[in-house]
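This report covers one protein model for a reader who will work with its coordinates. It goes from the metal site to the sheets and then to the packing.

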Amino acid sequence: MMLNRFNNREAEGLDDLEMRVYTSRLLGVDQNLVLHGGGNTSIKIDDILYVKGSGWDLGSIEKEGFSPAKIEALLELLNYNTLSDSDMVKYQREALTDKTAPNPSVEAILHALIPYKFVDHTHADAVVTLSNTENGESLIEEVYGEKYLIVPYIMPGFILAKEIYKMVKDVDWDSLDGIILHNHGIFTFSNDAKTSYNNMINSVSMAEDYLKGKSYDMEKLKNILEDKKGYPISLRVNTSYIAKYFASQNEDLFKKGVLTPEHIIRTKRSPALIIENYEDEINSYIKEYKDYFKRYASSEIILNPAPNWLVLKNYGVVAIGKNEKEARVIEDIIMHTIEAILRGETLGGYRSINEKDSFDMEYWELEQNKLKGK
Ligand code: ZN
């Protein structure tokens with residue numbers, strides 16, 4: 001869920017144009033929505049469209065940053081079959097009621113034809129991330145198919161406005177929560193500034209939730225692990241970009257071994273991979289661990305065979321400690337290990353000490369003596 005920055009107290013008593021400035025800034029300060037001058041917003045007051053002028057940044061825009069243009073004059077431009085960029089700029093300037101105002105955004109005509117008082121447009125990372133993929137069309141359809149107009153990529157400017165103009169001729173605007181522009185961004189709109197802003201935040205959150213992937217039932221996982229470990233535990237779940245990336249890699253990578261021998265006491269040689277059937281997957285980890293023990297053991301005593309960390313497929317990693325402090329230590333170690341493994345793979349392949357050396361370290365006499373109470 002994206003952060004919704006709207007604050008009723010801050011918005012209290014603002015007139016329409018002030019409200020336009022306020023929610024434009026809320027959009028502009030969020031770098032997940034727009035970067036460095038990107039995106040644009042507008043408000044219609046009577047027959048005038050106040051639209052972001054070029055050279056202004058949404059995050060710091062003032063009233064003077066909105067160029068006032070006659071709506072009718074902008075809509076008349078849609079009668080042209082084609083319009084060069086320079087002609088469009090010229091005609092948009094001619095539509096201005098204040099000739100000292102900055103040039104209206106290149107998306108001004110599009111703002112004019114959306115029949116709502118407030119129109120917000122951003123280039124939200126989550127939306128374009130989904131769209132800019134091999135399966136972008138079906139992903140966007142899956143997330144936004146219901147209540148959004150989905151527009152294929154068209155270069156911003158006159159031809160985009162013209163295409164949307166054709167697409168919306170028979171559209172029931174009230175059935176729409178927004179417009180998704182493939183490979184470009186998203187529009188939301190409403191006669192109320194707060195609703196348009198909320199629609200933006202909620203719409204982008206839909207893409208963010210999709211990107212996060214399926215979630216895991218941590219309570220269930222914790223109960224199973226406590227059962228297998230035989231004592232209460234603390235979990236640290238890490239879903240950072242690097243953890244998630246690691247968790248999306250081939251299973252072989254998870255078994256590549258420790259960063260330095262001493263870590264094996266904390267992490268064991270490898271994590272358990274969790275995909276769906278938590279209990280079965282943990283049981284098979286335990287079985288593999290016991291097999292590994294048998295392969296190398298002579299008189300040693302087996303350590304607790306349950307895993308000390310998990311890879312949650314496509315989601316992230318989990319450190320398991322007997323308390324929060326130990327879980328943090330293990331989390332630190334696995335995050336450094338993950339980074340080394342990923343970097344190692346770019347250097348021809350990560351290779352740690354082998355399984356036998358790992359066993360010797362894990363079952364080092366000095367450690368075993370502690371277990372035997374010597
Ligand atoms: Zn744009």
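The text below describes the zinc site, two sheets, the helices across one of them, and the nonpolar cores.

The model is predicted: local features need pLDDT of at least 70, side-chain atom pairs count only at pLDDT 80 or more, and totals for chains, interfaces and linings use all residues. Residues are numbered from 1 along each chain as its sequence is written, and side-chain values use heavy atoms, with hydrogens and water left out.

**Zinc site.** The zinc ion has as protein donors Glu 107 (OE), His 121 (NE2), His 123 (NE2) and His 184 (NE2), at 2.1 to 2.8 Å. Donors are N, O and S atoms within 2.8 Å of the metal (3.2 Å for Na, K and Ca); water is not among the atoms, so sites may look incomplete. Along the chain the donors follow the spacing E-x13-H-x1-H-x60-H. The angles among the four donor atoms run from 80 to 166°, and the site is irregular. Four donors count as tetrahedral if all angles lie between 85 and 135 degrees; four count as square planar and six as octahedral if opposite donors are over 155 degrees apart and all others between 65 and 115; anything else is irregular. His 121 counts as buried at 0% relative accessibility, while His 123 is partly exposed at 29%. Buried means under 20% relative accessible area, exposed over 50%, and partly exposed in between (1.4 Å probe, protein chains only).

**Sheets.** Helices (H or I, at least four residues) and strands (E, at least two) are DSSP runs, numbered from the N terminus. Two strands pair if DSSP finds at least two bridges between them. Both sheets in the table are open, with mixed pairing.

| Strand order | Edge strands | Average twist between neighbours |
|---|---|---|
| S3-S2-S1-S4-S7-S6-S5 | S3 (66-70) and S5 | 15° |
| S8-S11-S10-S9 | S8 (234-238) and S9 (272-274) | 25° |

In the seven-strand sheet, S5 and S6 pair in the parallel sense over four bridges, and Tyr 148 stands opposite Gly 178 in S6. S6 and S7 are antiparallel over three bridges, with Phe 187 in S7 as the bridge partner of Ile 179. From S6, Gly 178 and Ile 180 point one way and Ile 179 and Leu 181 the other, all of them buried. In the four-strand sheet, S9 and S10 (residues 309-312) pair in the parallel sense over three bridges; Ile 274 has Leu 312 in S10 as its bridge partner.

**Helices on the sheet.** H2 lies across S1, S2, S3 and S4, at about 165° to S1. H9 lies across S4, S5 and S7, at about 145° to S7. Axes are lines fitted to C-alpha atoms, for helices over the stretch in contact, and angles run from 0 to 180 degrees between N-to-C directions. Contact means heavy atoms within 4.5 Å.

**Cores.** A nonpolar core is a set of buried Ala, Val, Leu, Ile, Met, Phe, Trp, Tyr and Cys residues joined through side-chain atoms within 4.5 Å. The largest has 29 residues, and Val 127, Tyr 144, Ile 180 and Val 204 have the most contacts inside it. Elements giving two or more residues to this core include H2 (16-28) and H9 (193-212); H9 gives the most, with six. Apart from this core lies another of 24 residues, including Ile 114 and Leu 181.

Phe 189, in S7 (residues 185-190), is buried at 4% relative accessible area. Its contacts beyond four places in sequence include Ile 114, Trp 173 and Ile 179.
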